[in-house]
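Subject: Structure handover

Hello,

Here is the structure I promised to pass on. Please open it first, then read my notes alongside.

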Amino acid sequence: MDTPIPTRPKRTQRDYTLGFKLAVVEEVERGDLTYKQAQDIYGIQGRSTVLVWLRKHGKLDWSSTRSSSMSKKPETPAQTIKRLERQLKDAEDRQYLMEKMMEIID
C-alpha cells in the first residue's frame, strides 16, 4: 500500500522566492521529484509554473517543440554569463573525470 505524500498548503505567487524556485528546480532535475509531484508537495497552484521555472533556471533543456518554434529572445548579459559559467563548470568536471580515469587506467 502506498503511503500518501504529505502536501503543504497552497501558496500564492508572491511566496515564491528565487531560492525556493531554485530548490524546486534542483530537486526535479536531480530526479527526486517529477514536476507534477513538486507541484503537489509544495502546493504550487499553476499547472505550468514549475515548467516555467525549469526552463528559466534549470540546467537541462526543458523547452518544448512548440515554444522552440517561437522567435527566441536574445540573451541578456547576465543570462550569457550564467550559461557560460555552467558550460565551464561542466567542462572542468569532464576534464577532472577524464584525468581520474587515466590515473586508474595507468
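A helix here is a DSSP run of H or I that covers at least four residues, and helices are numbered from the N terminus. By that rule, Ala-38 is found in helix H2, which spans residues 35-42. Please keep in mind that this is a predicted model.

**The overall fold**

The chain has five helices and zero strands. Along the sequence, the pattern reads α-α-α-α-α. The chain has 106 residues, and 19% of them are buried.

**Two buried residues**

Start with Ala-38 in H2. Is Ala-38 buried or exposed? Its relative accessibility is 1%. Buried means under 20%, so Ala-38 counts as buried. Now look for Val-28. Ala-38 and Val-28 are ten residues apart in sequence. In space, their C-alpha atoms are 7.4 Å apart.

Next, find Tyr-16. Tyr-16 sits in the segment before H1. With a relative accessible area of 12%, Tyr-16 is under the 20% cut-off and is therefore buried. Its C-alpha atom is 9.1 Å from that of Ile-44. Along the sequence, Tyr-16 and Ile-44 are 28 residues apart.

**Glu-26 and its network**

Glu-26 lies in helix H1. How accessible is Glu-26? Its relative accessible area is 44%. Partly exposed covers the range between the buried limit of 20% and the exposed limit of 50%, so Glu-26 counts as partly exposed. Measure along the chain to Leu-54 and you count 28 residues from Glu-26. The C-alpha atoms of Glu-26 and Leu-54 are separated by 8.8 Å.

Glu-26 also takes part in a salt bridge. Its partner is Arg-30, and the closest N and O atoms are 3.0 Å apart. Why are Glu-26 and Arg-30 separated by about one helical turn? The reason is that they are four residues apart in helix H1.

Arg-30 has another partner to look at. The side chains of Arg-30 and Asp-32 meet in a salt bridge, at 2.6 Å from N to O. Asp-32 counts as partly exposed because its relative accessibility is 44%.

**A salt bridge in H5**

The count for the model comes to five salt bridges. One of them joins Asp-93 and Lys-89. Their closest N and O atoms are 3.1 Å apart. Asp-93 and Lys-89 both lie in helix H5. They are four residues apart there, about one turn of the helix. Asp-93 is partly exposed because its relative accessible area is 39%. Lys-89 is partly exposed too, with a relative accessible area of 45%. As for Glu-26, Arg-30 and Asp-32, salt bridges that share partners join them into one network.

**The second largest pocket**

The second largest pocket has a volume of about 180 Å³. Which residues line this pocket? The lining is made up of Leu-22, Val-25, Glu-26, Glu-29, Arg-30, His-57, Lys-59, Lys-82, Glu-85 and Arg-86. Glu-26 and Arg-30, the salt-bridge pair from H1, are among them.

Helices H1 (18-30) and H5 each supply at least two residues of the lining. H1 gives the largest share, five residues. By class, the lining has two nonpolar, one polar and seven charged residues.

**A nonpolar patch**

Finally, turn to the surface. Leu-97, Met-98 and Met-101 make a nonpolar patch there. The patch has an area of about 290 Å². Met-101 lies in helix H5, which runs over residues 77-105. Is Met-101 buried or partly exposed? Its relative accessibility is 40%, so Met-101 counts as partly exposed.

**Where to look first**

Here is a short route through the model:

- Ala-38 in H2, for a buried residue at 1% relative accessibility.
- Glu-26, Arg-30 and Asp-32, for the salt-bridge network.
- The pocket of about 180 Å³, with its largest lining share from H1.
- Leu-97, Met-98 and Met-101, for the nonpolar patch.

Best wishes

Notes: Residues numbered from 1 in each chain as written. Predicted model: local features only at pLDDT ≥ 70, side-chain atom pairs only at ≥ 80, totals over all residues. Heavy atoms only, no water. Patch = residues over 30% accessible without salt bridge, like charges linked within 9 Å, V, L, I, M, F, W, Y side chains within 5 Å. Areas by Shrake-Rupley, 256 points an atom, 1.4 Å probe, with all protein chains shown as cover. Salt bridge = Lys/Arg side-chain N within 4 Å of Asp/Glu carboxyl O. Buried < 20%, exposed > 50% of the residue type's maximum accessible area, 1.4 Å probe, protein only. 1 Å grid on protein atoms, 1.4 Å probe; cavity = no way out; pocket = protein on both sides within 12 Å on 5 of 7 lines; lining within 4 Å. Points joined across faces, edges and corners; volume = space filled by probe spheres on them. Nonpolar A, V, L, I, M, F, W, Y, C, P; charged D, E, K, R; others polar.
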